[in-house]
Amino acid sequence: MLEGLSQHCAQALATHGCASVSVAVAHRDRVVFAEAYGLADVARGVAATPETVYSIASVTKPITATAVCVAADRGLLNLDDPVEKYLSGFRLPRYRDYSEPTLRQVLQHRAGFGGHYDFAYAGSPAIRHGVEHYSTLYREPGSRFEYSNLGYGVLDAVLEKATGRTAADFTAEQVFAPLGLTGCRIGPSYEGDRPRASRYSADGRPYPDYDTTHRGASLGWASASDLAMFGLLQ
């Protein structure tokens with residue numbers, strides 16, 4: 001099944017101008033194939049390896065969703081509770097007299113939030129507001145699906161309130177550690193002992209680390225092997 005994969009990856013890198021690609025295959029309870037191709041850092045000529053950690057962007061969302069469900073299993077929150085129960089008395093702004101969205105609806109991108117993206121890059125002004133500043137309900141919760149980074153930022157705040165830990169720390173302790181995902185982190189930059197791949201724009205320009213109010217939506221880091229095992233085991 002994996003015959004010709006190396007040639008395919010090399011051709012894909014050349015065709016699309018990508019710096020590197022990392023591939024892992026997990027079967028039953030272990031990784032059975034892991035390989036990386038290209039350069040993790042083009043300027044320094046550093047090759048990507050199977051241990052290289054990448055920014056995983058929105059693949060962070062299922063990890064955050066798992067952490068929320070673990071907290072529910074521990075009795076720290078209830079998925080059918082209204083979100084505002086966990087936001088220290090804060091009431092979400094509404095355009096109309098909408099009902100309170102539940103945590104389950106936020107997980108499903110059905111809470112009524114609109115689109116929201118905010119990124120503060122290294123060297124730019126810091127983010128001035130918390131996620132609650134942006135979390136206006138635009139429609140009745142449960143009425144339709146709309147993909148929402150904002151909702152997963154709200155889940156970060158909920159996890160912190162319900163567990164007494166930052167969302168990143170709770171996820172590390174209750175999701176990554178039990179699954180043995182030693183290279184995984186959530187945060188604006190990778191803080192760990194694995195090599196990390198630089199980020200590049202579509203035209204090959206490197207760009208710096210960034211922070212955001214929706215870390216649980218966007219700021220995960222993982223190797224391909226760790227992601228394969230997360231999908232297999234969680």
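Here is a short back-and-forth about a predicted model and the reasons behind some of its structural labels.

User: Let's start with T163. Why is T163 called buried?

Analyst: Buried takes under 20% relative accessible area. T163 comes in at 19%, so it counts as buried. Its place is in helix α4.

User: What does T163 touch, leaving out residues up to four places away in sequence?

Analyst: On that count T163 touches A71, L76 and F170.

User: What makes the pairing of T163 with the backbone oxygen of L159 a polar contact?

Analyst: The cut-off for a pair of N or O atoms is 3.5 Å. A polar atom of the T163 side chain lies 2.6 Å from the backbone oxygen of L159, so the pair falls within that cut-off. The T163 side chain also has a polar atom 3.2 Å from the backbone nitrogen of R165.

User: Why is α4 described as largely enclosed by the rest of the structure?

Analyst: Because 13 of its 15 residues are buried.

User: And how do you know what span to expect for α4?

Analyst: Multiply 1.5 Å by one less than the number of residues. For α4, residues 149-163, there are 15 residues, and the expected value is 21 Å. From first C-alpha to last, the helix reaches 21 Å, close to what's expected.

User: What happens at the two ends of α4?

Analyst: At the start, a side-chain oxygen of S148 gets to within 3.4 Å of the backbone nitrogen of L150. Just after the helix, G164 takes a positive phi of about 75 degrees.

User: On to α2. Why is α2 called roughly perpendicular to α5?

Analyst: The label covers angles of 65 to 115 degrees. The axes of α2 and α5 (residues 167-179) cross at roughly 85 degrees and come within 10 Å. That crossing is what makes α2 roughly perpendicular to α5. On the α2 side the contact is made by I63, T66, A67, V70 and A71, and on the α5 side by F170, T171, Q174, V175 and F176.

User: What makes α2 count as mostly covered?

Analyst: Of its 14 residues, 10 are buried. Among them are I63, T66, A67, V70 and A71. As for its span, α2 reaches 20 Å from first C-alpha to last, close to the 20 Å expected. The helix is followed by G75, whose phi is positive, near 80 degrees.

User: How do you know that β4 and β8 pair?

Analyst: Pairing takes at least two bridges. β4 and β8 (residues 220-222) have three bridges between them, in the antiparallel sense, so they pass. In one of these, S55 has W221 in β8 as its bridge partner. Helix α2 (residues 60-73) packs on the sheet, touching β4, β6 and β8, and its direction makes about 75 degrees with that of β4.

User: What is the strand order in that sheet, and which strands are at the edges?

Analyst: The order is β4-β8-β6 in an open sheet of three strands, with antiparallel pairing. The edge strands are β4 (54-57) and β6 (185-186), as each pairs on one side only.

User: There's also a sheet with the order β1-β2-β3. Why are β1 and β3 said to stand at its edges?

Analyst: This one is an open sheet of three strands, paired antiparallel. β1 (20-27) and β3 (46-47) each have a single partner strand, so one side of each is left without a neighbour in the sheet. Helix α1 (residues 5-16) packs on the sheet, touching β1 and β2, with its direction about 30 degrees from that of β2.

User: How do you know that β2 and β3 count as paired?

Analyst: The minimum is at least two bridges. β2 (residues 30-41) and β3 have two bridges, antiparallel, so they meet it. L39 stands opposite A47 in β3. β1 and β2 are joined by eight bridges and also run antiparallel.

User: What lies between β1 and β2?

Analyst: Two residues, in a hairpin, and R28 in the turn has a positive phi of about 60 degrees. H27 has R30 in β2 as its bridge partner.

User: Last one: why does H214 count as buried?

Analyst: Its relative accessibility is 0%, so H214 is under the 20% cut-off. H214 is found in the loop between β7 (210-211) and α6 (215-218). A polar contact of 3.0 Å joins its side chain to that of T212. Leaving aside neighbours within four places in sequence, H214 is in contact with residues including H116, Y117, N149 and D156.

Conventions
Residues numbered from 1 in each chain as written. Predicted model: local features only at pLDDT ≥ 70, side-chain atom pairs only at ≥ 80, totals over all residues. Heavy atoms only, no water. Helix = DSSP H or I, 4+ residues; strand = E, 2+ residues; numbered from the N terminus. Buried < 20%, exposed > 50% of the residue type's maximum accessible area, 1.4 Å probe, protein only. Polar contact = N/O pair within 3.5 Å; in protein donor to acceptor, adjacent residues only side chain to side chain. Contact = heavy atoms within 4.5 Å. Axes fitted to C-alpha atoms, helices over the stretch in contact; angles between N-to-C directions. Parallel < 35°, antiparallel > 145°, perpendicular 65-115°, else oblique.
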